[in-house]
Amino acid sequence: KDGDASARGAGRPSKRYCAVELDATFSMPLKHDDVLSDLLAAALDALGPDQAADLADTVGYEYGRGLAARMDPNAGHRSVRAAVAAVADALTAHGFAAHTEERGGELSIVSECCPFGDTAHKYPNVVCALDRGMIRGMLAGLHGETSPRFEASRPGGDDHCVARV
């Protein structure tokens, strides 16, 4: 019968594969973001370490404030605990694999990964300043001005980056 499912067989149809000539020109696509981040970090680094870090921190701070404004524009200021958790979530969404920890009554944001990879290791004064600025900016927008202490960094040889609030 045409309408009987058992007559047609169950499941998806089988796949058919065939061999083709090997394309010797295959290559991995260039990661334009990596090239761009390296070039921009190098350009900032040319300003000198202090000036580059100050400028990167300012840019990161403004970006962080903008992120905080988009998170929940009508929420008003959150508790420090809620703000720290929201910052960790936002950092995770940006590739940092961040979480919060509490030790001795202090809250920390711990980033297990750096999405900037080799660029952070080549130009830590620029990239880490951007990260610090982002964290300060998000905290300022969600809770109010804070002065987190940045105690560990992956480019500095630590296993993760830590910001204590």
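Read along the sequence, the chain of this predicted model follows the pattern α-α-α-α-β-β-α-α-β-β. Its secondary structure thus amounts to six helices and four strands. Of the 165 residues in the chain, 30% count as buried. Among contacts with a separation of 6 or more, residues 24 or more positions apart account for 60%. The chain exposes about 10,800 Å², and 54% of this area is supplied by carbon and sulfur atoms.

Helix α3 covers residues 49-71, 23 residues in total. From the first C-alpha of α3 to the last, the helix reaches 32 Å, close to the 33 Å expected at 1.5 Å a residue. Its buried residues are Ala52, Ala53, Ala56, Asp57, Gly60, Tyr61, Gly64, Leu67 and Ala68.

Helix α4 is formed by the 14 residues 80-93. Its reach from first to last C-alpha is 20 Å, close to the expected 20 Å at 1.5 Å a residue. The residues Ala83, Val84, Ala86, Val87, Ala88, Ala90 and Leu91 of α4 are buried. The buried residues of α4 pack against two helices, α3 and α6 (124-142), and against the strands β1 (98-103) and β2 (106-111).

The pairing of α4 with α6 can be described further. Two packed helices are described by the angle between their axes and the distance between the axes. The axes of α4 and α6 come within 9 Å and cross at roughly 135 degrees. Because this angle falls outside the ranges for roughly parallel, roughly perpendicular and roughly antiparallel, the last of which begins over 145 degrees, α4 is oblique to α6. The crossing of the two helices, α4 and α6, is right-handed. On the α4 side, the contact is made by Ala83, Val84, Ala86, Val87, Ala90 and Leu91. On the α6 side, Met134, Ile135, Met138, Leu139 and Leu142 take part.

Backbone angles with positive phi occur after α4. Gly95, just after this helix, takes a positive phi of about 100 degrees. Ala97 lies in the loop between α4 and β1, and its phi is near 50 degrees, a positive value in a residue other than glycine. Most residues other than glycine have a negative phi. Ala97 has a relative accessibility of 35%, and it therefore counts as partly exposed, since that class lies between the 20% limit for buried and the 50% limit for exposed.

Technical notes: Residues numbered from 1 in each chain as written. Predicted model: local features only at pLDDT ≥ 70, side-chain atom pairs only at ≥ 80, totals over all residues. Heavy atoms only, no water. Buried < 20%, exposed > 50% of the residue type's maximum accessible area, 1.4 Å probe, protein only. Contact = heavy atoms within 4.5 Å. Areas by Shrake-Rupley, 256 points an atom, 1.4 Å probe, with all protein chains shown as cover. Expected span 1.5 Å × (residues − 1). Axes fitted to C-alpha atoms, helices over the stretch in contact; angles between N-to-C directions. Parallel < 35°, antiparallel > 145°, perpendicular 65-115°, else oblique. Left-handed = near helix turned anticlockwise from the far one by under 90°.
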